[in-house]
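Where does a folded chain leave empty space, and which residues surround that space? The following paragraphs take up the enclosed cavities of the structure shown here.

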Amino acid sequence: MKNIEICQHIENWYLKNKRELPWRSNPQPYEVWLAEIVFQQTRISQGMGHYLQLLERFPNVEILSKATEDDVLKCWEGLGYYTRARNLRKGAIYIAQLGDFPKTYDDWLAVPGVGPYTAGVISSVCFRQKVPVVDGNVMRVLSRMFLISSDIRIVKTQQIFRNIASDLVQSAIHPGNFNQGMMELGALICKPKNPDCAACPLSEFCELYITGENPGDFPYKSSAKEKTNRYFHFFFASNANGLLLKRREASDIWNGLYVLPFYEGEKLPFDAPEYLMEKSTHILTHQKIHYYIWDVVNWDAVPQNLIDDCEIFSRDVDFPAMPRPLQLFIKKYLHIK
DNA sequence: AACCCGGGGCC
DNA sequence: GGCCCAGGGTT
């Protein structure tokens, strides 16, 4: 049967060609869970330093469950999508409360921050459950193998791929190796551009390869919404006592992180700042942030409500987690770390 | 179902 | 400087 052959090809290819990663040699739930949260929307090279630091700082789920949110965010600083860090901690508290790691797909789904993808990876890799795993890599591989043109920006499209992957994984020897193999194939061979079909273990089953269709057409993805522009004027307040920072609490970007006191708006409605230390843009998925960092001379002219709720952080200890642009600015001007 | 959340690499 | 990537939670 064809599915059995596909699984054999993928599993054998994976065992020969997989990248050696810390959590892969002897996959345990804590390490795999942590890795999957860190590497959502994040390349291995980009997140490896953070993963290793998190594991060193929080070597097991009990220790992580007792960490403060600020501590976890500090380890996450610069990685982006900070909701993952807050949910990681919530997940640890949830698991510690259970007393043991969940062992099934359904039970993992109940863990904060764990959705179908992460639950699928952990339950198939650590507990050999025959459940499908569908991420962007898998959708790319399957859309090409079966010439599926559904728009992957539509969430419902994932169900089409989940059904196919679920059918395939039933024929696997080790479902975890099959699932990881499909993702690894997408990352290393069946790349978005210039896929290496000559090296692909599935080319004989691939309709795109057989028909000579253009890899660039699969998967299909509708164009994104235009980014909205936002303007932030930050005020740099640093003296011998320390640095003035404010924790963001709104349901908005950088929630839970600390920022310099700021005014949001294209033009400042007052003229206190004396000179501009930095002016740049920072691109997020849905927003283009235009930011200005001012060295304020006349603080009397700065509206008090912009300073309310600020805290002073001594320069002698680590600052709390800040968004990337401010983290880099602070490093540049205070010569820390 | 639509929308929101970061940051780095590549061209 | 613009484009690409893409899981989970919230609304």
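**Enclosed cavities and their linings**

In this predicted model, 15 residues line the largest cavity, and those nearest its centre are Arg144, Cys190, Cys197, Cys200 and Cys206. Two elements, helix H9 (136-145) and helix H12 (207-211), give two or more residues each to this lining. Of the elements, H9 gives the most to the lining of the largest cavity, namely three residues.

The volume and chemical character of this space may be considered next. The largest cavity holds about 120 Å³ of space. Its lining consists of 12 nonpolar residues, one polar residue and two charged residues; cysteine is counted among the nonpolar residues in this division. Rolling a probe the size of a water molecule over the atoms shows where empty space is left.

How many cavities of 30 Å³ or more does the model contain? The count comes to three. The second largest cavity has a volume of about 40 Å³, and the residues that line it are Val133, Val138, Ala165, Leu168, Phe178, Asn179 and Met182.

Which helices supply at least two residues each to the lining of the second largest cavity? They are helix H10 (157-169) and helix H11 (175-188). The largest share of this lining comes from H11, with three residues. By character, the lining of the second largest cavity comprises six nonpolar residues and one polar residue, with no charged residue. The lining of the largest cavity, by contrast, includes two charged residues.

Key: Residues numbered from 1 in each chain as written. Chains lettered and ligands numbered in written order. Predicted model: local features only at pLDDT ≥ 70, side-chain atom pairs only at ≥ 80, totals over all residues. Heavy atoms only, no water. 1 Å grid on protein atoms, 1.4 Å probe; cavity = no way out; pocket = protein on both sides within 12 Å on 5 of 7 lines; lining within 4 Å. Points joined across faces, edges and corners; volume = space filled by probe spheres on them. Helix = DSSP H or I, 4+ residues; strand = E, 2+ residues; numbered from the N terminus.
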